[in-house]
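Colleague: Could you take me through one part of this model in detail? I'd like to hear about the charged side chains, and then how they sit in their surroundings.

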Amino acid sequence: FGRSSMLTLSAAAALAYSPTVAAPHARTSAASVSSRASAPRLGLLQKLGLRRGARFADDLGLPCVDECAVASYPNLPPSVHPGVVTGQALVDLLQHAKENRYAIPAVNCVTSSSVNTCLEAARKADAPIIIQFSSGGSQFYAGKGLDNTDYKAAIAGAVSGAYHVRAMAEQYGVPVILHTDHCAKNLLPWLDGMLAASERYYAAHREPLFSSHMIDLSEEPLEENIDICVEYLQRMAKLDMLLEMELGITGGEEDGVDNEDANPEDLYSKPEEIWQVYEKLSAVPNGRFTVAAAFGNVHGVYAPGNVKLDPEILGNAQTFIADKVSSSDAKPVSFVFHGGSGSDLKDIKQAIDYGVVKMNIDTDTQWSYWDGIRAYYKKYEPYLNSQIGNPDGADKPNKKFYDPRMPVRSAEETTVARLGQCFSDLNCVDVF
């Protein structure tokens, strides 16, 4: 699979904190257990009788208990464990997704609350999740009050988010791919900073801080796109990281990247172009990558029927490349699905059948988060207009209603529910 495609994530700033070196994770295979309903599996450690070696939680003095202490999962490859997965474990997880026809939701996060929401949803679904940061999201994570000259704030925010994800993913007992989203040519210094952080982390832990990074040079000439991706993949391969590259343009607008007026031809990749990418990136020693090919994808939200997807492009590319490399694997490429909001469910399912292993989710979770806040305000509006005085009495305090934790938790609950639908749509339920 190292010769196939996968995703990649760069690591962050040279200022990254490096905790005490942990002992290597123990990997143990597990006997199968009976599947359960949608509620999270409690006491999985006791059921399986397993224990994993030292890890990030131990460094923090927060040893995991119950299912987060499990060494591996009954229905996943033995290398896949609770917490951030990198290297071979990441390869094995994505290959498992492709072979079993499910895609892993990749959710853009901007705060610790949105990260925790993703982890809660994954735990309820008994499924892996991809937590990813964009450049703008990383800057927001650091705080908009910080100077972002030379992307310093974005680098610091991504690194901070990465450490938060590493600390909490193990506590929730779910496997997480830690990724960064669209990195255009002008954002490469942001990627360089994250890679520097991963290099420092790798020196201490023998694994990168991030699992993978995305480079999006789809607006550049194809040859330049490929050449720069090869250059970065060579650097990332030394850290056992995966690269996600974009081929063709995803329409619409996201995080300041506006392709609303893109040439319709550019929204659909050609098999020959995907082969060019596959051939060049496969030649990188230890190179692992995924391909975000364009098949009509559009960022943003649109009424059903307005997004014209053509998943057959992915199927045709798989056949074309399998013939080129004389592969017994009918799906040699691991594809990524961007801009899925408003897509017909049958197109999503078909794309998964053709080798999509990751689907980005942002617009829908942005709305669900806001919807939770909006619903909370509407429900408790009479208690949110002043510090004192409400329908229960002119001298009654309102502190428990305007406590920020209340509307934020409401937002988390509505987003967990929305992500539950996403996991179901992507066949990514009860994967453990």
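Modeller: Happy to! Let's begin with Glu412, which is buried, its relative accessible area being 13%. Please keep in mind that this is a predicted model. The side chain of Glu412 forms a salt bridge with that of Arg409, at 3.1 Å from N to O. Both residues belong to helix H14 (residues 405-425), and since they are 3 residues apart, about one helical turn separates them. That spacing suits a pairing along one helix, because an α-helix has 3.6 residues a turn and residues three or four places apart point the same way. Arg409, for its part, is partly exposed, with a relative accessibility of 32%. The pair does not stand alone: through shared partners, salt bridges join Glu120, Arg409, Glu412 and Glu413 into one network.

H14 (residues 405-425) also leads us to the nonpolar interior. The largest nonpolar core has 106 residues, and Phe423 is among those with the most contacts inside it, along with Ile131, Trp190, Val291 and Phe335. Setting aside neighbours within four places in sequence, Phe423 is in contact with Pro105, Ala121, Ala122, Ala125, Ala127, Pro128, Ile129, Cys428 and Val429. As a general background, nonpolar side chains tend to be buried together in soluble globular proteins.

Back to the charges. The structure holds 14 salt bridges, and two others are worth a look. In one of them, the side chains of Glu224 and Lys185 meet at 2.4 Å, N to O. Glu224 lies in helix H8 (residues 222-237) and Lys185 in the loop between E4 and H7, so this bridge ties together parts that are 39 residues apart in sequence. Glu224 is partly exposed at 25% relative accessible area, and Lys185 is partly exposed too, at 38%.

The other is a salt bridge between the side chains of Glu244 and Lys358, at 2.9 Å from N to O. Here distant parts of the chain are linked: Glu244 is in strand E6 (residues 242-247) and Lys358 in strand E11 (residues 356-361), 114 residues apart. Both Glu244 and Lys358 are buried.

Lys358 then brings us to Asp181, a buried residue that has no salt bridge. Lys358 is the nearest side chain of opposite charge, and it is 5.0 Å away from Asp181; a salt bridge needs the nitrogen within 4 Å of a carboxyl oxygen. Asp181 does have a polar partner, though: its side chain makes a polar contact with the side chain of Asn108, at 3.2 Å. Asp181 is found in the loop between strand E4 (175-180) and helix H7 (188-205).

H7 turns up again around helix H5 (residues 135-142), whose buried residues are Ser135, Gly137, Ser138, Gln139 and Tyr141. The elements covering them include helix H4 (112-125), strand E3 (129-133), H6 and H7. After H5 comes Gly143, with a positive phi near 115°. Helix H6 (residues 152-172) has 21 residues and spans 30 Å from first to last C-alpha, close to the 30 Å expected. Gly173 follows H6, and its phi is positive as well, near 75°.

To set all this in context, the protein has 14 helices and 13 strands. Of its 432 residues, 56% are buried. Among contacts between residues at least 6 apart in sequence, 75% join residues at least 24 apart.

Terms used. Residues are numbered from 1 along each chain as its sequence is written. This is a predicted model: local features need pLDDT of at least 70, side-chain atom pairs count only at pLDDT 80 or more; totals for chains, interfaces and linings use all residues. Side-chain values use heavy atoms; hydrogens and water are left out. A nonpolar core is a set of buried Ala, Val, Leu, Ile, Met, Phe, Trp, Tyr and Cys residues joined through side-chain atoms within 4.5 Å. Buried means under 20% relative accessible area, exposed over 50%, partly exposed in between (1.4 Å probe, protein chains only). Contact means heavy atoms within 4.5 Å. Helices (H or I, at least four residues) and strands (E, at least two) are DSSP runs, numbered from the N terminus. The expected span of a helix is 1.5 Å times one less than its number of residues. Lys and Arg count as positive and Asp and Glu as negative; His and the chain ends are not counted. A polar contact is a pair of N or O atoms within 3.5 Å; within protein, one must be able to donate a hydrogen and the other to accept it, and residues adjacent in sequence count only if both atoms are side-chain atoms.
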